Amino acid sequence: MTLFMMAVLAVLVFFMFRNGQKRKKAAAELQNQVVVGAHVMTTFGVYGTIKSIDEVENIVVLETSPKNTLKLHRQAIARVVESAAVAPTAGEAIGADLTNLALNPEAEAGKLEIDPQFGERKPKNSK
């Protein structure tokens with residue numbers, strides 16, 4: 001029983017060290033990506049572009065909108081935001097679907113839940 005408890009303790013210690021190493025590596029990668037011109041998100045949800053970095057004081061000047069800047073501690077940067085041009089947003093995808101439906105309504109016929117299924121009778125008084 002004692003050997004089993006020691007083994008469980010050893011496994012827990014191993015995973016704690018491994019988790020710490022992963023976090024440290026991820027933090028180092030983030031700090032390498034934080035460069036002037038990068039589009040970032042802060043820990044409090046503000047998006048902006050880095051205008052300057054003071055390595056000595058660990059201060060980042062972040063431009064949130066034209067001519068509006070914030071001075072932040074470097075550790076307040078949560079992540080570097082990649083280009084959003086790769087995939088459309090949910091709103092853009094829905095807009096494209098609605099455009100396709102408006103231009104070609106026959107393509108979507110029978111696919112809605114209110115449309116009768118094959119072999120199902122449609123009530124006479126419905127319009």
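Which residue in β2 stands opposite M41? In the predicted model described here, the residue opposite M41 is Y47 of β2. The paragraphs below place this pair within the fold, the sheet and the rest of the chain.

The protein has two helices and five strands. Along the sequence these elements follow the pattern α-β-β-β-β-β-α. Of the 127 residues of the protein, 13% count as buried. About 10800 Å² is exposed by the protein, and carbon and sulfur atoms supply 61% of that area. Among contacts between residues at least 6 apart in sequence, 33% join residues at least 24 apart.

The five strands make up an open sheet in the order β4-β3-β2-β1-β5, and the pairing is antiparallel. Its edge strands are β4, residues 68–73, and β5, residues 77–80, each of which pairs on one side only. From one strand to the next, the twist averages 45°. In general, strands of a sheet pair through backbone hydrogen bonds, and the arrangement may be parallel or antiparallel.

Strand β1 spans residues 39–42 and strand β2 spans residues 47–54; the two run antiparallel and are joined by three bridges. Within this pairing, V40 has G48 of β2 as its bridge partner, while M41 stands opposite Y47. The two strands form a hairpin with four residues between them. In the turn of this hairpin, G45 has a positive phi of about 90°.

Strand β1 also pairs with β5, again over three bridges and in the antiparallel sense. Here T42 of β1 stands opposite I77 of β5. T42 counts as buried because its relative accessibility is 0%, under the 20% limit for that class. Leaving aside residues up to four places away in sequence, T42 touches L62, L72, A76, I77 and A78. I77 is thus named twice for T42, as the residue opposite in β5 and as one of the residues touched. L62 falls within β3, residues 59–65, and L72 falls within the edge strand β4, residues 68–73.

A second hairpin is formed by β3 and β4, with two residues between the strands. Strand β3, residues 59–65, runs antiparallel to β4, and six bridges join them. S65 stands opposite N68 of β4 in this pairing. K67, in the turn, has a positive phi of about 70°. A residue with positive phi is therefore found in the turn of the β1–β2 hairpin, at G45, and in that of the β3–β4 hairpin, at K67.Outside the sheet, helix α1 covers residues 2–33 and includes M5. M5 counts as exposed because its relative accessibility is 55%, over the 50% limit for that class. Together with M1, F4, V8 and L12, M5 makes a nonpolar surface patch of about 600 Å². M5 of helix α1 is exposed, whereas T42 of strand β1 is buried.

Terms used: Residues are numbered from 1 along each chain as its sequence is written. This is a predicted model: local features need pLDDT of at least 70, side-chain atom pairs count only at pLDDT 80 or more; totals for chains, interfaces and linings use all residues. Side-chain values use heavy atoms; hydrogens and water are left out. Patches are made of residues with over 30% relative accessible area and no salt bridge: like charges are joined within 9 Å, nonpolar side chains (Val, Leu, Ile, Met, Phe, Trp, Tyr) within 5 Å. Accessible areas come from the Shrake-Rupley method with a 1.4 Å probe; for residues, only the protein chains shown count as cover. A salt bridge is a side-chain nitrogen of Lys or Arg within 4 Å of a carboxyl oxygen of Asp or Glu. Buried means under 20% relative accessible area, exposed over 50%, partly exposed in between (1.4 Å probe, protein chains only). Two strands pair if DSSP finds at least two bridges between them. Axes are lines fitted to C-alpha atoms, for helices over the stretch in contact, and angles run from 0 to 180 degrees between N-to-C directions. Contact means heavy atoms within 4.5 Å.
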